[in-house]
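Q: Please take a close look at a single part of this structure, and then set that part in the context of the whole.

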Amino acid sequence: PTITETATESTQIPAESPAQTPESTPKATSTKTATPATDPSSLQELISQLVVAAEQGAGYDRDLFRHWIDADGDGCNTRREVLIAEAKVKPRATGDCDLVGGEWYSVYDQVTTNNPSDFDVDHFVPLKEAWDSGAYAWSSDKRREFANDLGFGGSLIAVTASSNRSKSDRDPADWLPANTAYHCRYITNWVKVKIRWGLSVDQAELATIKEFGRTCD
């Protein structure tokens, strides 16, 4: 999806400890309702924290997850905060947080750009997936916090529009990035986001995660 004020469904966990190092740089603000977790040393240990449950898909509406917001009032909304944090070459923010002069790398498909309009910001666990696996029972405030989670660097990620659209709202049982070298980190980060927010996994999702758990460090 091109970078717009409303990114697509797959547009960047219960909480990660300060000792962990997520794929993307941690951002400034922290969520209030994500649950801190321990710092397991392996995907296998993380898997043991997952809760398995059938998905509950009825009633989803993207508008139930308010985004993108400017939580700290600095003029840059969540989407732009992610772009600033994840830039390989830091941009200048001008005017209404227009980003100039940066460079970005999409780890999903190994594409680099100096035009932020080429990239979307992906909710690592898509909003629809979050809804189906527990967010249907959340308050509107908690859904807003999830949709704008700058407290863990892996919750939101800047990637190409095409990879974001390809992912859509699918979980790892149905979609993985084209960059196969990133698969272990993708699965691990997915699990961390699920744990961070107390979201369940379904049986097919768990089976895929466990398959990677046997080979990923």
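**The helix pair α6 and α7**

A: Helices α6 and α7 are oblique to each other, where angles under 35 degrees count as roughly parallel, over 145 as roughly antiparallel, 65 to 115 as roughly perpendicular and the rest as oblique. The model is a predicted one, in which local features need pLDDT of at least 70 and side-chain atom pairs count only at pLDDT 80 or more, while totals for chains, interfaces and linings use all residues. Residues are numbered from 1 along each chain as its sequence is written, and side-chain values use heavy atoms, with hydrogens and water left out.

The angle at which α6 and α7 pack is about 130°, and their axes lie 10 Å apart (axes are lines fitted to C-alpha atoms, for helices over the stretch in contact, with angles from 0 to 180 degrees between N-to-C directions). On the α6 side, the meeting residues are His 183, Cys 184, Ile 187, Trp 190, Val 191 and Lys 194. Their counterparts in α7 are Glu 205, Ile 209 and Phe 212.

Two residues of this meeting surface, Trp 190 and Lys 194 of α6, also touch Glu 129, as does Glu 205 of α7. Glu 129 belongs to helix α3 and, at 3% relative accessibility, counts as buried (under 20% relative accessible area, with exposed over 50% and partly exposed in between, for a 1.4 Å probe and protein chains only). The remaining contacts of Glu 129 are Glu 55, Asp 169 and Asp 171, leaving aside residues up to four places away in sequence; contact means heavy atoms within 4.5 Å.

Helix α6 covers residues 183-196, and one of its residues, Tyr 186, also takes part in an aromatic contact. The structure holds 15 aromatic pairs, that is, rings of Phe, Tyr and Trp (its six-membered ring) with centres within 6.5 Å, called stacked if the planes are under 30 degrees apart, edge-to-face if over 60 and tilted otherwise. Phe 124 and Tyr 186 make up one tilted pair, with 4.8 Å from centre to centre and 40° between the planes. This pair connects distant parts of the chain, since Phe 124 sits in the loop between β5 (119-123) and α3 (127-132) and Tyr 186 in α6, 62 residues apart. Both partners are enclosed: Phe 124 counts as buried at 1% relative accessibility, and Tyr 186 counts as buried at 0%.

A further tilted pair is formed by Trp 138 and Trp 197, at 5.6 Å centre to centre and 40° between the planes. Because Trp 138 lies in the loop between α3 and α4 (140-147) and Trp 197 in the loop between α6 and α7 (203-213), this pair ties together parts 59 residues apart in sequence. Trp 138 and Trp 197 are both buried. One aromatic cluster contains these two tryptophans together with Tyr 60, Phe 65, Trp 131 and Phe 146.

Phe 146 of that cluster is among the buried residues of α4, alongside Lys 142, Arg 143, Glu 145 and Ala 147. These buried α4 residues pack against α6, and also against β5, α3 and β6 (156-160).

The surroundings can now be widened. The protein has 7 helices and 6 strands, assigned as DSSP runs (helices H or I of at least four residues, strands E of at least two) and numbered from the N terminus. Their order from the N terminus is α-α-β-β-β-β-β-α-α-β-α-α-α. Of the 217 residues in the protein, 55% are buried.

Another helix to consider is α2, which is largely enclosed by the rest of the structure because 8 of its 9 residues are buried. The buried set comprises Thr 78, Arg 79, Arg 80, Glu 81, Val 82, Leu 83, Ala 85 and Glu 86. Among the elements covering these residues are β2, β3, β5 and β6.

Some backbone features in the loops also deserve mention. Most residues other than glycine have a negative phi, and most peptide bonds are trans. The bond from His 67 to Trp 68 is cis, with omega near -10°, and Trp 68 lies in the loop between α1 (43-47) and α2 (78-86). Cys 97, a residue other than glycine, has a positive phi near 60°; Cys 97 is placed in the loop between β1 (92-94) and β2 (98-100) and counts as buried at 2% relative accessibility. Gln 110, also not a glycine, has a positive phi of about 60°, and Gln 110 lies in the loop between β3 (104-106) and β4 (111-113).
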